[in-house]
Amino acid sequence: MSIAVTQRGFEPSRSNANLHEVVFTQASVRRKGIRRLFTIPLYGDGRGTEATTLVAPGVKTRDGETRDLVIHAIMSDYVEAHDATTGQPIWRQKLGVAIRGSRAIDTYLINDHWGFLSTGILDLADGAWGGVSWSSPDGSVAKASFWFHWISIVDGSHLAPPLSLDGAIYHPGGGIPSQKFSSAARKQRCGLAIGAIDGAKTVFIAAGSVSESLASNRGWVIAVDVTTRGITKIAAAWSSTARYSGGGIWMGAQAPAVQGNKLYLMTGNGAFDPPTDLGECLVELQYDPATTTTAARLHATDWFAPFSDAARNGNDPTLPEPKGDGNDNDDGASNTNAFTDMDLGSGGLGIIPELACAIGAGKDGIVYILRLGAFGKTQNEDFAPARIASNYAKAKYIAWFTFFPGFDISPAPADMTRLNKLFDGKTHHQHSTPVVYKSPVHGWMVFCWGENANLRAWKVNANLTLTFLASSDETASPNTGGVGGMPGGMISLSANGSTPGSAVLWASVPYGNANSEITNGRLLAYDPENFVPRGDGSSRIQKLWDSQDWALAYVFNKFLPPTPANGRLYLANYSGGVDVYGL
């Protein structure tokens, strides 16, 4: 029986682990290897898709056949469904006129169009796919609007009229003026999330900005009610910065984690002046659906900030924002001062419900583990020298994650400017949300792969600290000079629950700098549990299969990990399609 993939990260917790895979195992991949079965071409865009593959099993299509479908949202503002087994096209739906690529929104002109940028959501109970298009009648940014679409997985027809997100308004209260969502200033890169809260089925849409240096820059979360068939409506909205600016939400394209009526996310560069301005934070939001007497509401209930942009820029650390601030676009392009771009939210976070914790890392390559419900509500004065240690103590664990600096420097220093260094002369940003897996060998594990570094495996201890276990020999962006390349390894995992020997970790890594150039990629499969000793006393994560050994080439897609499901591995390329692999 086929399983569904309904959202980015496989689960609302964003574990990035498919725990229902029975075909791919350590033994089968090692013994048989992997081959590219076929490529699914995607219509209307030279690069194809920025969205992960979603799988809808057992769909009875208009031709009377029952088949598994893979559904892709394309940067051309089309959505397509194909037969998951054969790649046969089933339906195609045009949902707008995509924005033309330009340096104003894409510094290095990597993308052809900007249409569907995020991964959508599947609601199999309603037979629906939901996604957000960026559309313009003439293809210009100036006339662009974001639209939420709720369409049938059977044939792509609309189940409700398209919904403009320009109607979203955030009312911060406290005499602070309300804010209106402006599509022309936004990039909606984060995957969509869905939850059923007190009977209200709700889709959550998180967004950042085109340019973080503008006063219009801020992060948004919009709640769309899809409870009633044939009707979608904006229920509530929240902005990460109400009095100042910044705090974009992009998280390497990951979706917010969801548990009950809580959402968990990370914000990027921006002002910090809680509770209204939450730049550089791990944030817990609460969604309260509408009642007969009250409107629906999204509001921040907890947060943790390990640093402020003011402190990192050498200003008074308790200031809401640094003097002379300047940031970059969410594409990671450099600016004149590299350390005005700390971007805590570059990789997103996951939660481990069984351990009641959240785990996330950003461009510093430092991991933060927090207890759910006890983030600590950092205040501006907590960044003062006398209080900074107690602020760090609100986290259960802080450590170097994507790399080790090579000399003794704390990841939680009293002087935050000590982190403003290119250790080893390279960037070590985290862009792929950590993979979380409960192993029959090691218990709870997390995996990361930062820029210009290697795959790393960690054990999660009962007290929510981490123990480093092993690393791979392979590194990301090996063919680069200078500060190296972006975005590190994009990783996922497949397993049959905690069945011994069933776990395989999958990685797509660039050879070059995928931020500023089109580069080929390397597809790898690893045994994530059984490590091999090295001569220096460390341990190596074993390769099961490597595309490099077979001269199998593909063009790397910047923010998309492989999607393993039902004995197929789906990996979008930047050649305008999705490669499908099998044993």
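Here are a few notes on strand β4, residue T433 and the second largest pocket in this predicted model.

1. Let me start with strand β4, which covers residues 66–73. Seven of its eight residues are buried, so the strand is largely enclosed by the rest of the structure. If you are colouring by burial, recall that the cut-off for buried is under 20% relative accessible area.

2. On one side of the pairing story is strand β3, residues 54–60. Strands β3 and β4 run antiparallel and are joined by five bridges. A handy place to pick up the register is K60, which stands opposite T66 in β4. The hairpin of β3 and β4 has five residues between the strands, and there G64 takes a positive phi near 90 degrees.

3. Strand β4 also pairs with β5, residues 78–83. Here too the strands run antiparallel, with five bridges joining β4 to β5. To follow the register, look at V70, whose bridge partner in β5 is H82. The hairpin of β4 and β5 has four residues between the strands, and D77 takes a positive phi near 75 degrees in that hairpin.

4. Next, please have a look at T433. This residue sits in the loop between β28 (397–400) and β29 (435–439). Is T433 buried or exposed? With a relative accessible area of 4%, T433 is buried, because the cut-off for that class is under 20%.

5. What does T433 touch, once its neighbours within four places in sequence are left aside? Its contacts are R14, N16, M251, Q254, G347, G348, L349 and G350. With Q254 there is also a polar contact, in which the side chains of T433 and Q254 are joined at 3.5 Å. For a sense of distance, T433 and T227 lie 206 residues apart in sequence, and their C-alpha atoms are 30 Å apart in space.

6. Finally, the second largest pocket, with a volume of about 330 Å³. It is lined by 16 residues, and the closest to its centre are Y170, H171, R297, L298 and H299. Which elements give two or more residues to this lining? They are β13 (169–170), β18 (233–239) and β24 (297–304).

7. A last remark on the chemistry of that pocket. The lining of the second largest pocket divides into 12 nonpolar residues, three polar and one charged. When you inspect the pocket, Y170 and R297 are good places to begin, as both are among the residues closest to its centre.

Key
Residues numbered from 1 in each chain as written. Predicted model: local features only at pLDDT ≥ 70, side-chain atom pairs only at ≥ 80, totals over all residues. Heavy atoms only, no water. 1 Å grid on protein atoms, 1.4 Å probe; cavity = no way out; pocket = protein on both sides within 12 Å on 5 of 7 lines; lining within 4 Å. Points joined across faces, edges and corners; volume = space filled by probe spheres on them. Nonpolar A, V, L, I, M, F, W, Y, C, P; charged D, E, K, R; others polar. Buried < 20%, exposed > 50% of the residue type's maximum accessible area, 1.4 Å probe, protein only. Contact = heavy atoms within 4.5 Å. Polar contact = N/O pair within 3.5 Å; in protein donor to acceptor, adjacent residues only side chain to side chain. Pairing = 2+ DSSP bridges.
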